[in-house]
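Biologist: I should like to understand how the terms used for a protein model are justified. May I put some questions to you?

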Amino acid sequence: MQQQHPFPIPLTRRRLLAAMAGASALPRQLRSQDRREKALLVVAHPDDEYNFAATTYRFVRELGGVADQVVITNGEGGYRYSALAESIYGISLTNESEGRAHLPAIRKQETLNAGKILGIRKHYFLDQRDWAWGAGR
Ligand SMILES: [Zn+2]
């Protein structure tokens with residue numbers, strides 16, 4: 001009885017080596033072809049991209065650059081500033097426990113929405129707790 005082969009094309013040693021060589025050369029090839037200017041935006045809170053939204057928009061949308069964004073905290077400490085958002089979301093966001101419970105997901109989604117407009121390629125959310133307002137500082 002012949003053994004069922006898992007690959008549609010028989011995998012010979014020569015084909016395996018050729019595939020491995022091609023795979024290892026791919027990142028270098030992509031790097032050399034992508035000559036666009038790149039920026040990494042590192043911000044403390046979700047929505048801090050508004051500080052340089054026009055610059056990011058121009059850099060990506062008009063000058064052809066690539067921007068990725070790192071957001072360090074989850075933004076839950078913004079409950080004190082959330083009065084205007086309460087009617088939009090129908091949640092008592094200025095109540096500390098309600099705000100801390102709901103703001104991380106809300107602010108993450110708002111950051112992703114802003115990123116689509118600005119043209120941010122990738123977001124990295126580190127989800128560190130945003131606690132400073134509760135520490136009495
Ligand atoms: Zn901020």
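The conversation below takes up the sheet, one helix, the cores and two aspartates.

Modeller: Please note that this is a predicted model, in which local features need pLDDT of at least 70, side-chain atom pairs count only at pLDDT 80 or more, and totals for chains, interfaces and linings use all residues. Residues are numbered from 1 along each chain as its sequence is written.

Biologist: How do you know that strand 2 and strand 3 pair?

Modeller: Strands are DSSP runs of E with at least two residues, helices are runs of H or I with at least four, and both are numbered from the N terminus. Two strands pair if DSSP finds at least two bridges between them. Strand 2 (residues 66–73) is joined to strand 3 by 4 bridges, so the requirement of at least two is met. Phe 125 in strand 3 is the bridge partner of Val 71.

Biologist: What makes strand 1 and strand 3 edge strands?

Modeller: The open sheet has 3 strands in the order 1-2-3, with parallel pairing. Strand 1 (38–43) and strand 3 (123–128) each have a single partner strand, so one side of each lacks a neighbour in the sheet.

Biologist: How do you know that the length of helix 4 agrees with its number of residues?

Modeller: The expected span is 1.5 Å times one less than the number of residues. For the 23 residues of helix 4 this gives 33 Å, and the end C-alpha atoms are 31 Å apart, which agrees.

Biologist: Why is helix 4 said to bend at Leu 103?

Modeller: The bend at a residue is the angle between axes fitted to the seven residues ending there and the seven starting there. At Leu 103 this angle is about 45°, and a proline, Pro 104, follows within four residues.

Biologist: What makes Leu 41 and Phe 59 members of a nonpolar core?

Modeller: Such a core is a set of buried Ala, Val, Leu, Ile, Met, Phe, Trp, Tyr and Cys residues joined through C-beta atoms within 7 Å. The largest has 6 residues, and Leu 41 and Phe 59 are among them, as are Val 60 and Ala 67. A second, separate core of 5 residues includes Tyr 79 and Leu 103.

Biologist: Why are Asp 47 and Asp 127 called partly exposed?

Modeller: A residue is buried if 20 or more other C-beta atoms, placed from the backbone, lie within 10 Å of its own, exposed if 12 or fewer, and partly exposed in between. Asp 47 has 17 and Asp 127 has 15, so both counts fall in between. Asp 47 is in the loop between strand 1 and helix 2, whereas Asp 127 is in strand 3.
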